[in-house]
Amino acid sequence: MNKTPYEVLGVSPSASRDDIRRQYLARVREFPPETHPDEFEAVRHAYETLSSPPPVASQTAEPEMLLPFMDALDGEVGDLMAAGDWKQVLSKVKAESEPYRSLVQSLAYFHQNRWDSHIRARDRALKHLEKLPPESLTLALAQWQQLYLVEANPPRPEDALALYDRYRSNPSLWKLLWLEYGDILGALGRREEIFPLVEPILPHEEDSYSTEGTELLLTWLAYLEGQGKRDLAKRYQSRGVRYWRRANPQQITEFKEHAEDLLQVALDHQNLEVARALAELVSLVDREDQEAKTRLWNLNEHVALDREVARLQEDPRIYPPVAIDAAYLFEEAMGWGDDGMDLLASTLRSIKEREWYAESIGRLKKSYPTVYRVFRDDWDASLAELTVGMNREQRRRLTR
């Protein structure tokens, strides 16, 4: 049976970033790459998985969108749901009105593995939700999508796709659903299919400016960047520049506010490539915006640093604690990590470990100059600590 990343590292799902880093180091000591390459690779993969930022596909969702049917969490029923007492949940909601009753029932039946009952309750809820404003329907659909893709074991992406396909022909709903639909296709290994499906709802350069068109095009550009579709994103970026340059000053301001909101969400989710692309777009649309140019320059620097940190994680010549510390220093500089945490260099005790760490810092100077330059004070402080008692020739040999 395959172990989860938490099991591989021996940490709980609630473990802090600090706990994960330190347990990774312990596992590396137990399974060094020189003598246990397979075990080390599993440990490294588990650490990378638990340290990875959230997928960009969810970057535009509000946090409350992920709560089970929002109001269903309030009061006694919510407490029973949190406790997993689904029998009592079903008893409590019998007298409730629709669609609340069927929504909660669908959730309870799902967690009881009563699939047919779940489908019946879900479809009853849909009949009522279809009569309400579209936001209510899309909220419930997003929750069922999470159930099918994340909580089901094994996942049920085909069922999620069939559910969303019911509403794909409705243009107004499709504008609200395509992002989650792309995630479903991704779970099926068919993500490429989303690209032609979104094109019909996107504005063209000759179209009149609209707030809805701006939001759609910006979200689409962010999505493409997040999926690594840089060439395709560039094409839509060019369309967007022509579209927004025809807008009046007030509309340009609105566009920039929307772009800024998405950019900040991308940064919060540690998606630097997306943030950089949005900053580039703003600077192209408004060439007089000096603040946008400065932000783009900074983000380009951050992206270059991020790429170097990612590359050194894969470099077998770099002692793993150094790679972990490089990632930590970067995250701390970006405001993503814990403040004031000591580098792992301070935990090393054996002479061999300290030599490996010092030698890897020497390799940073040559192969990862940006990582070394930006955090030079930290690396130099670690070297000074690790080489206490060594003469100049010994220090030179370790860091050459």
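These legends go with a set of close-up views of a predicted model.

**Figure 1. The whole chain, an all-helical affair with 21 helices and 0 strands.** The C-alpha trace spans about 80 × 60 × 35 Å along its principal axes. Of the 400 residues, 45% are buried. Take the contacts between residues at least 6 apart in sequence: 62% of them join residues at least 24 apart. The protein exposes about 20600 Å², and carbon and sulfur atoms supply 49% of that. As for charge, there are 52 positive and 68 negative ones, and their mean positions sit 4 Å apart.

**Figure 2. Helix α8 and the helices packed around it.** This helix covers residues 134-151, 18 residues in total. From first C-alpha to last it reaches 25 Å, close to the 26 Å expected at 1.5 Å a residue. Plenty to look at on the inside: the buried residues include Leu137, Leu141, Trp144, Leu147 and Tyr148, and polar names such as Thr138, Gln143 and Gln145 are on the list too. Which helices do the buried residues of α8 pack against? They meet α6, α7 (115-129), α9 (157-165) and α10 (171-187).

**Figure 3. Serine 102, tucked into helix α6.** The helix runs over residues 100-111. Is serine 102 buried or exposed? Its relative accessibility is 0%, so serine 102 counts as buried, the cut-off being under 20%. Skip the residues up to four places away in sequence, and serine 102 touches Ala121, Arg124 and Ala125.

**Figure 4. Tyrosine 357 and the largest nonpolar core.** That core has 109 residues, and the members touching the most other members are Trp144, Trp244, Tyr357 and Trp379. Apart from it lies another core, this one of 14 residues, with Ala15, Val28, Tyr47 and Ile324 among them. In general, nonpolar side chains tend to be buried together in soluble globular proteins. Zooming in on tyrosine 357 and setting aside neighbours within four places in sequence, the contacts are Tyr319, Pro321, Val322, Asp325, Leu343, Ala345, Leu348, Trp379, Ser382 and Leu386. So Trp379 turns up twice here, as a contact of tyrosine 357 and as one of those core members with the most partners.

**Figure 5. Glutamate 332, a residue of helix α17.** The helix takes in residues 320-333. Glutamate 332 has a relative accessible area of 26%, which means it is partly exposed, as buried would need under 20% and exposed over 50%. How far apart are the C-alpha atoms of glutamate 332 and leucine 364? They are separated by 19 Å, with the two residues 32 apart along the chain.

Key:
Residues are numbered from 1 along each chain as its sequence is written. This is a predicted model: local features need pLDDT of at least 70, side-chain atom pairs count only at pLDDT 80 or more; totals for chains, interfaces and linings use all residues. Side-chain values use heavy atoms; hydrogens and water are left out. Helices (H or I, at least four residues) and strands (E, at least two) are DSSP runs, numbered from the N terminus. Buried means under 20% relative accessible area, exposed over 50%, partly exposed in between (1.4 Å probe, protein chains only). Contact means heavy atoms within 4.5 Å. The expected span of a helix is 1.5 Å times one less than its number of residues. A nonpolar core is a set of buried Ala, Val, Leu, Ile, Met, Phe, Trp, Tyr and Cys residues joined through side-chain atoms within 4.5 Å. Accessible areas come from the Shrake-Rupley method with a 1.4 Å probe; for residues, only the protein chains shown count as cover. Lys and Arg count as positive and Asp and Glu as negative; His and the chain ends are not counted. The place of a charge is taken as NZ of Lys, CZ of Arg, CG of Asp or CD of Glu.
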